[in-house]
Amino acid sequence: MHIIHELIGVPKISQKDLDKNVSTFEISPLPRWYGITLWNSLRRVLLSTIPGTRVTWIKVKWVSHEYSSLPGIKDSILDIMLNLKDLNITKKDTWIEWLKLQKNKAGVVTAWDIQTPAGVEILNKDLYITEIDKDGLELDIEIRVEKGVGYKSIEDLKEEEDDVNVLLIDANFSPVLNVKYDIEKTRHWDITNLESLKIEISTNGAITPVDALKFSGDMLVSYFSLFNEEGLQVEGQFISDVKDLLNKEKEEIKEELEKETYTPIEIIGLSPRTLNALINWWILSVEQLTKCTETKLSSIKWFGKKAMTEIRQALNERGLKLLWDD
């Protein structure tokens, strides 16, 4: 870690959930240019290397190629394949699984009609597949799903399958739908040339945004460690050890608590969620809280605008305020 963290402390990561499968993560403070450095690496892993599960081929009873159609079935086989391609599936194991879609009653066919084995779950069960015109007309489809990474083309699948009745479907396995970023200038006391990196991750629900970010970080660590397998430290005086910095911060907090007047943070009547967030970051007294800036509190995990407003109101009732507040 950059030597400047000896002065500005360890970067804090805060998470904000925008939707069920959309979250933003902010890491701050960072040395200049480190925002784009981290972003470029994380983005590539997030978009190309997160494992996911997709349909890779189907077999339809009485059908030998994708340009066919079935009597009484509203959509063509090609359209049905495209609809099945949109299935969002989760499975823990890496081996191939087969799903069954069998229906002979009139009405709309959705992913609810697909039979799944244990360990396989369809997330978007309302997905439209096709429609059957009248009772007695049978739709019988065998669906193969597999877990992988990256993209598998039709050409790749042809090398793995020689059954002429199989209809191949190319697959983009990544469960990450989109990744956005923003880099802003920030400061720490009188050090003004620092950065804050914000990453927004959207997934299809097969993996949470936070797990996708953790996977990406672990993947990059596994590669970067190859450059120093011996674990030797080069020019160690210019590299900060994150564990040492965290221990140092805890010791400083402990010393402050021993020196100053100590008013437990619980006394100002914060909600359990806000109180736990402060305690988890070793902000244990009212005196410590008044020495925090809005930027510092915003870097705390699970800490949003509602918590900030709650804290300001609680301090204001006691004639107190956050550092740098007007």
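**Exercise 1. The nonpolar cores**

Determine which residues of the largest nonpolar core touch the most other members, and which elements give two or more residues to this core.

*Solution.* Step 1: In this predicted model, the largest nonpolar core has 28 residues, and Ile58, Leu87, Ile114 and Ile143 touch the most other members.
Step 2: Two or more residues each come from strand E3 (52-60), helix H3 (77-84), strand E5 (97-103), strand E8 (120-122), strand E9 (128-132) and strand E10 (139-148).
Step 3: Another core, of 19 residues, lies apart from this one; Ile265, Ile268, Ile300 and Met308 are among its residues.
Step 4: For Leu87, neighbours within four places in sequence are left aside; the contacts are then Arg54, Val55, Ala111, Ile114, Ile122, Asn124 and Leu127.

**Exercise 2. Strand E2 and its partners**

State with which strands E2 pairs, and decide whether E2 is largely enclosed or open.

*Solution.* Step 1: Strand E1 (residues 12-19) pairs with E2 in the antiparallel sense, over seven bridges. Within this pair, Ser14 stands opposite Glu26.
Step 2: Two residues lie between E1 and E2, and the two strands form a hairpin.
Step 3: E2 also pairs with strand E15 (residues 191-203), in the antiparallel sense and over eight bridges. Here Val22 stands opposite Ser202.
Step 4: A residue is buried when its relative accessible area is under 20%. Nine of the ten residues of E2 are buried, and therefore the strand is largely enclosed by the rest of the structure.
Step 5: E2 covers residues 22-31 and includes Pro29. The peptide bond between Ser28 and Pro29 is cis, with omega at about -5°.

**Exercise 3. Two tryptophans with positive phi**

Locate Trp33 and Trp282, and classify each as buried, partly exposed or exposed.

*Solution.* Step 1: Trp33 lies in the loop between E2 and helix H2 (34-48). Its phi is positive, about 75°, although Trp33 is not a glycine.
Step 2: Exposed means over 50% relative accessible area. Trp33 has 55%, so Trp33 is exposed.
Step 3: Trp282 is found in the loop between helix H7 (272-280) and helix H8 (286-290). Its phi is also positive, near 60°.
Step 4: The relative accessibility of Trp282 is 37%, so Trp282 counts as partly exposed.

**Exercise 4. A patch on the surface**

Identify the residues of the nonpolar surface patch and describe the place of Phe227.

*Solution.* Step 1: The patch is formed by Tyr223, Phe224, Leu226 and Phe227, which together have about 520 Å² of accessible area.
Step 2: Phe227 is in the loop between helix H5 (209-224) and helix H6 (242-259).
Step 3: With a relative accessible area of 71%, Phe227 is exposed.

How values were computed. Residues are numbered from 1 along each chain as its sequence is written. This is a predicted model: local features need pLDDT of at least 70, side-chain atom pairs count only at pLDDT 80 or more; totals for chains, interfaces and linings use all residues. Side-chain values use heavy atoms; hydrogens and water are left out. Patches are made of residues with over 30% relative accessible area and no salt bridge: like charges are joined within 9 Å, nonpolar side chains (Val, Leu, Ile, Met, Phe, Trp, Tyr) within 5 Å. Accessible areas come from the Shrake-Rupley method with a 1.4 Å probe; for residues, only the protein chains shown count as cover. A salt bridge is a side-chain nitrogen of Lys or Arg within 4 Å of a carboxyl oxygen of Asp or Glu. Helices (H or I, at least four residues) and strands (E, at least two) are DSSP runs, numbered from the N terminus. Buried means under 20% relative accessible area, exposed over 50%, partly exposed in between (1.4 Å probe, protein chains only). A nonpolar core is a set of buried Ala, Val, Leu, Ile, Met, Phe, Trp, Tyr and Cys residues joined through side-chain atoms within 4.5 Å. Contact means heavy atoms within 4.5 Å. Two strands pair if DSSP finds at least two bridges between them.
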